[in-house]
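Colleague: I'd like a close look at one part of this model, the cysteine chemistry, with enough of the surroundings to place it. To start with, how many disulfides does a search of the whole structure find?

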Amino acid sequence: MSAPDPRKDPRYRPFRVAAYGLYIAVVSVFCLAIIISVTRSVAAMTPEKKPSAEQVLSYRECLDAADSLWKQLESERETLVRTSPARKVDQEWMRFRTAWLHQFRDREAQCALQSRDRAGLKDVFRRLEAVQDLYNIHAVQYAGEVGGEVDALHAAFATARKNPAAGWQPQQQQR
């Protein structure tokens, strides 16, 4: 018969149980804190839909508002590739997105999109939100996958331009 395992000494069983219990409690509290933090963050970045406003905008005003939101969204998307450092694009986008979504929800509420005669507007707003979601994915992917390489390329250009063989430099002209 083999000798009993010294690590399983019955005298230490209450201490092992207490250590496992403490470990599970600490891990549970840590996980709960992360879940609460992520939930609050998502809630803060994604405003809820608002009930219809008392003052409803005309069909034309709603269409113009949607077009204005689209132009803001497209303009900000275009600046994604010009933001430096490129790794920070997703953070800048999230700031813009939160403000933009608040405007979007306000216009959505002012346009009474649940009305049957505004089905076309409802489709415009639905597609506008879908495009914003896709742009959100694009910003995160650009920052994570492409951003580092773009930043490295900009640094390489800056280093290469310092070489005297590169010729005229704008900084030398101003002296």
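Modeller: For this purpose, a disulfide is a pair of cysteine sulfur atoms within 2.5 Å. Searching the whole structure on that basis turns up one. Before the details, some ground rules: this is a predicted model, where local features need pLDDT of at least 70, side-chain atom pairs count only at pLDDT 80 or more, and totals for chains, interfaces and linings use all residues. Numbering runs from 1 along each chain as its sequence is written, and side-chain values use heavy atoms, with hydrogens and water left out.

The partners are C62 and C111, with their sulfur atoms 2.1 Å apart. The dihedral about the S-S bond is -115°, which makes the C62–C111 link left-handed. C62 sits in helix 2 (residues 59–80), while C111 is in the loop between helix 3 (89–110) and helix 4 (119–161), so the bond ties together parts that are 49 residues apart in sequence. Helices here are DSSP runs of H or I with at least four residues; strands would be E runs of at least two, and both are numbered from the N terminus.

Now for burial, where buried means under 20% relative accessible area, exposed over 50%, and partly exposed in between, using a 1.4 Å probe and protein chains only. C62 is buried at 0%, and C111 is buried at 0% too. C31, by contrast, is partly exposed at 38%.

A109 is worth a glance as well: it's in helix 3 and buried, with a relative accessible area of 7%. Leaving aside residues up to four places away in sequence, A109 touches K50, P51, S52 and A53, a contact being heavy atoms within 4.5 Å. R82 is another matter: the C-alpha atoms of A109 and R82 are separated by 33 Å, with their positions 27 residues apart along the chain.

Stepping back, the protein chain has five helices and zero strands. Its radius of gyration is 28 Å, well over the 16 Å that the globule rule gives for 175 residues, so the chain is more spread out than a compact globule. That radius is taken over C-alpha atoms, and the rule is 2.2 Å times the number of residues to the power 0.38. Along the principal axes, the C-alpha atoms fill a box of roughly 85 × 70 × 30 Å. Buried residues make up 23% of the 175. As for contacts between residues at least 6 apart in sequence, 78% join residues at least 24 apart.
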